[in-house]
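Me: Could you walk me through the ligand site in this one? I'd like to know what sits around the ligand and which parts of the chain supply it.

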Amino acid sequence: MYTLTIETTCDETSLTLTSKTKSGLFVHSHLVLSQAQKHAEYGGVFPNVAKREHAKNLIPLLIQLIKDAKADLQKIEIQKETISELKEVLQREPELFVHLAMLLKSGFFIPLEKIVVVSGPGLDPAVWVGVNFAKSLAKITKAPIVPVNHMEGHIFSTLLKGDNPYTVVKPELPSMALLISGGHTQLVLIRDFGDYKIIGETLDDAVGEAFDKVARMLDLHYPGGPEISKLAKEARKKNIKLETKFPRPILKEGYDFSFSGLKTAVKYFVDDLKKQNKLTKEKKLAIAREFEDAVAEVLSVKLTKASEEFKAQSIIVGGGVSANSHIAETIKKNIKKNMYKAPANLTGDNALMSAVAEFAYPHCQIDVNELKSDPNWSIETVKS
Ligand code: KG4
Ligand code: ZN
């Protein structure tokens, strides 16, 4: 029997098949399909495009997942009423319904003991696709549904240890987590697994969003984080610096973040250079470096202060932006505590991180008819 985990909260469609074994979490297969290319022309994630792509890709991804896992399928009998129920659940995802109905025609399905679904926070239309998919699979297999919080998944992506089967490390507690992604920037105090307190968060743009917007100003592709990071690295190697210093917004005031002022400062600076026809390649390198320095300084100063005040025994850095090596190095230089960070393949959104959260400690199950998207689900209200 397998646990299937479903992630569709943003622009990655991801599924994983796992089992709990005596020696840890065995990952049979794990797939992540990025839609980044589809969103590139909008310079950010477009919710309805994300929804459409998830609905289109879930069944092909599930088929591949089963193949990769070499999973033994089980004979199933589907009643006519179940098909009607599926049609109702998937009325907003008709393409997904057609794909699923076709798959069921084989008369075989994967035996599931649990369905983990990331039901928030995220983009509501995108989250709903995963939620409705989970509901449909629960109706087919009668497996229980466990909703997992996306931000909690980012925390657990940093705690995997060993090789397949994996174990989960318990960080020294309390731990201070900095969660940085395209949708969130949060400082979360971890008192125990399942016991979280948000210490600070962004008042406007998320840090990944700021990277993406600045990248757009510099005519770079979406997602902008890795692009900016590449230029900044080159600038450091060539010792190219900007003569201007960008602001470090609310650096010394509390634990909340604000990146919109920094983004606007970069915009004025870039607009000015564009007007004068002086936005050279060298200038772009220097801007990327200064922007990345400003972000890294703000994140590291606030994380240091929070971990001291709350007597954190370890720190965790998770989320898509944690792939940024300059940010990670700046934090490491300033904080002399054990730091947990996800491996490169798990920094971005993926289903495995939430499978790990459920493996680490049991989460609350929910009745299939009560499951819904919770686009603003706070990590503080996670229930075990
Ligand atoms: O966690 P994630 O995959 O999705 C959300 O939950 O939002 O994070 C995506 C974000 C994007 O904004 C992307 O530009 C940013 O992570 N990102 C980076 C880097 N790699 C991805 N930002 C800065 N430096 C990177 N190397
Ligand atoms: Zn994320």
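Reply: First, the yardstick: a polar contact here is a pair of N or O atoms within 3.5 Å (inside the protein, one must be able to donate a hydrogen and the other to accept it, and residues adjacent in sequence count only if both atoms are side-chain atoms). Bear in mind that this is a predicted model, with local features needing pLDDT of at least 70 and side-chain atom pairs pLDDT 80 or more, while totals for chains, interfaces and linings use all residues. Residues count from 1 along each chain as written, chains are lettered from A and ligands numbered from 1 in the order written, and side-chain values use heavy atoms, leaving out hydrogens and water.

Now the contacts. An oxygen of ligand 1 sits 2.8 Å from a polar backbone atom of G182. Side chains join in too: an N or O atom of D212 is 2.7 Å from a ligand oxygen, and for H154 that distance is 3.3 Å. As for how covered the ligand is, on its own it would expose 560 Å², and the protein buries 88% of that (accessible areas by Shrake-Rupley with a 1.4 Å probe; for residues, only the protein chains shown count as cover).

Zooming out a bit, 19 residues surround ligand 1, and G182, D212, G225, G320 and D349 come nearest; a residue is near if one of its heavy atoms lies within 4 Å. By class, that shell has 12 polar, 5 nonpolar and 2 charged residues. Here Ala, Val, Leu, Ile, Met, Phe, Trp, Tyr, Cys and Pro count as nonpolar, Asp, Glu, Lys and Arg as charged, and the others, Gly among them, as polar.

Where does the shell come from? Domain 1 (2-157 + 348-381) and domain 2 (172-344) each put in at least three residues, with bounds from an automatic or database domain assignment. Among the helices, α6 (150-156), α7 (207-217) and α8 (224-237) each supply at least two; helices are DSSP runs of H or I, at least four residues, and strands are runs of E, at least two, numbered from the N terminus.

One backbone detail to check while you're here: P223 lies in the loop between α7 and α8, and the peptide bond into it from Y222 is cis, omega near -5°. There's another cis bond between L173 and P174, with omega about -5°; P174 belongs to the loop between β9 (167-168) and β10 (175-180).
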